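Here are some exercises to help you find your way around a structure you haven't met before. Try each task by yourself, then read the solution step by step.

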Amino acid sequence: MSTLLRLDSVEAGYRDLVAVREVSLEVHAGEVVALIGGNGAGKTTTLRAITGLLPLRRGRIEFEGERIDGRTSSQVVARGIAHVPEGRQLFPTMSVRENLELGARERTTRAAALESVFALFPRLRERERQVAGTLSGGEQQMCAIGRGLMARPRLLLLDEPSLGLAPVMVRLIFENLKRINESGTTILLVEQNVARALTLSHRAYVLENGRIVLDGPREALQQSPHVKQAYLGL
Ligand SMILES: Nc1ncnc2c1ncn2[C@@H]1O[C@H](COP(=O)(O)OP(=O)(O)O)[C@@H](O)[C@H]1O
Ligand SMILES: [Mg+2]
């Protein structure tokens with residue numbers, strides 16, 4: 001399998017805080033990889049480092065064999081990585097359609113991208129003209145994922161898509177992520193909902209206090225005594 005994304009000994013932080021250190025991970029084309037860990041473990045920081053929102057202090061990041069650390073976030077998006085941020089970050093007074101259109105990279109492919117997002121999320125089509133701030137939490141998450149897909153990324157980064165959602169909505173969002181992956185988009189998924197995240201992913205990395213402490217295929221992590229005890233409540 002070809003390596004799409006590679007992080008090599010990445011260190012990043014905020015002022016005098018080192019939030020992640022020696023983070024090395026790989027995402028292969030076609031995979032769903034989960035990055036799991038508790039609150040404050042450094043998951044969001046890792047995604048922000050990948051998308052150029054936070055400078056690296058050490059290490060390197062490669063996408064499709066080329067270095068992307070040091071690039072701006074718009075350059076990273078242009079290469080084919082879309083980031084669906086924690087907390088959705090929609091523009092609440094703009095319509096669903098306007099929010100989606102902001103995710104498009106090129107005018108020429110915008111209509112086709114919008115059509116495929118509406119095909120995936122029929123609920124967004126029904127609410128095309130509704131302002132995003134009045135959507136339910138689950139619909140806002142669909143809109144945020146849809147906006148990421150509008151860039152037609154090869155790699156989709158998702159930060160806590162299930163956070164704050166009712167179980168029925170979590171199930172729906174994860175079914176959609178499975179379909180997105182099956183239609184050819186590679187996914188790096190950050191989640192605190194470890195049970196759900198493992199069900200969807202091929203492999204996972206466990207981040208604790210800014211370091212990767214465990215990684216492996218889904219089944220191995222589901223069987224791991226540490227994961228069971230610390231994250232699955234078993
Ligand atoms: N903007 C920020 N300024 C200072 N410290 C931050 C900032 N964002 C996160 N941190 C700190 O960095 C560490 C990792 O946070 P984060 O990456 O958000 O964790 P997670 O997403 O796993 O919950 C935490 O100790 C957090 O308090
Ligand atoms: Mg976070």
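## Exercise 1: A loop residue and its distant partner

With a relative accessibility of 9%, R88 counts as buried. Keep in mind that you are looking at a predicted model.

Task: Find where R88 sits in the chain, and work out how far its C-alpha atom is from that of C143.

Solution:
- Step 1. Look between β6 and α3: R88 is part of that loop.
- Step 2. Check the burial. The cut-off for buried is under 20% relative accessible area, and R88 comes in at 9%.
- Step 3. Now compare sequence and space. R88 and C143 are 55 residues apart along the sequence, while their C-alpha atoms are 8.2 Å apart.
- Step 4. See what C143 belongs to: it is one of the buried residues of α6.

## Exercise 2: The helix that holds C143

Task: Decide whether the length of α6 agrees or disagrees with the expected span, and say how many of its residues are buried.

Solution:
- Step 1. Helix α6 covers residues 137-149, which makes 13 residues.
- Step 2. At 1.5 Å a residue, the helix should span 18 Å. The expected span uses one less than the number of residues.
- Step 3. The end C-alpha atoms of α6 are 18 Å apart, so the helix agrees with that expectation.
- Step 4. Count the burial: 11 of the 13 residues are buried, so α6 is largely enclosed by the rest of the structure. Among them are G138, M142, I145 and L149, and R147 is on the buried list too.

## Exercise 3: Who holds the magnesium ion?

Task: Name the protein donors of the magnesium ion (ligand 2) and say which parts of the chain they tie together.

Solution:
- Step 1. The protein donors are T44, through OG1, and E86, through OE. They lie 2.0 to 2.6 Å from the ion.
- Step 2. Place each donor. T44 belongs to helix α1 (residues 43-50), and E86 to the loop between β6 (81-84) and α3 (96-101).
- Step 3. Put the two together: the pair ties together parts that are 42 residues apart in sequence.
- Step 4. Check the exposure. T44 is partly exposed at 24% relative accessible area, and E86 is partly exposed as well, at 32%.

## Exercise 4: The surroundings of ligand 1

Task: Describe the shell around ligand 1 and pick out the element that gives the most to it.

Solution:
- Step 1. List the neighbours. The residues around ligand 1 are Y14, L17, A19, G38, N39, G40, A41, G42, K43, T44 and T45.
- Step 2. Sort the shell by class: four residues are nonpolar, six are polar and one is charged.
- Step 3. Go through some contacts. A polar side-chain atom of Y14 is 3.5 Å from a nitrogen atom of ligand 1. A41 brings a backbone N or O atom to 3.2 Å from an oxygen atom of the ligand. For T45, a polar side-chain atom lies 2.5 Å from a ligand oxygen atom.
- Step 4. See how much is covered. On its own, ligand 1 exposes 560 Å², and the protein buries 62% of that.
- Step 5. Find the elements that give two or more residues to the shell: they are β2 (17-28) and α1. The biggest share comes from α1, with three residues.
- Step 6. Look at α1 itself. Six of its eight residues are buried, so this helix is largely enclosed by the rest of the structure. K43 and T45 are among those buried residues.
- Step 7. Step just past the end of α1, and you meet G52 with a positive phi of about 80°.

## Exercise 5: Positive phi outside glycine

Task: S9 and R15 both have a positive phi. Is each one exposed or partly exposed?

Solution:
- Step 1. S9 has a phi near 50°, though it is a residue other than glycine. You'll find it in strand β1 (residues 3-14).
- Step 2. At 33% relative accessible area, S9 is partly exposed.
- Step 3. R15 is not a glycine either, and its phi is about 45°. It is found in the loop between β1 and β2.
- Step 4. The cut-off for exposed is over 50%, and R15 has 81%, which makes it exposed.

Terms used:
Residues are numbered from 1 along each chain as its sequence is written. Chains are lettered from A and ligands numbered from 1 in the order in which they are written. This is a predicted model: local features need pLDDT of at least 70, side-chain atom pairs count only at pLDDT 80 or more; totals for chains, interfaces and linings use all residues. Side-chain values use heavy atoms; hydrogens and water are left out. Donors are N, O and S atoms within 2.8 Å of the metal (3.2 Å for Na, K and Ca); water is not among the atoms, so sites may look incomplete. Helices (H or I, at least four residues) and strands (E, at least two) are DSSP runs, numbered from the N terminus. Buried means under 20% relative accessible area, exposed over 50%, partly exposed in between (1.4 Å probe, protein chains only). A residue is near a molecule or strand if one of its heavy atoms lies within 4 Å of it. A polar contact is a pair of N or O atoms within 3.5 Å; within protein, one must be able to donate a hydrogen and the other to accept it, and residues adjacent in sequence count only if both atoms are side-chain atoms. Accessible areas come from the Shrake-Rupley method with a 1.4 Å probe; for residues, only the protein chains shown count as cover. Ala, Val, Leu, Ile, Met, Phe, Trp, Tyr, Cys and Pro count as nonpolar, Asp, Glu, Lys and Arg as charged, and the others, Gly among them, as polar.
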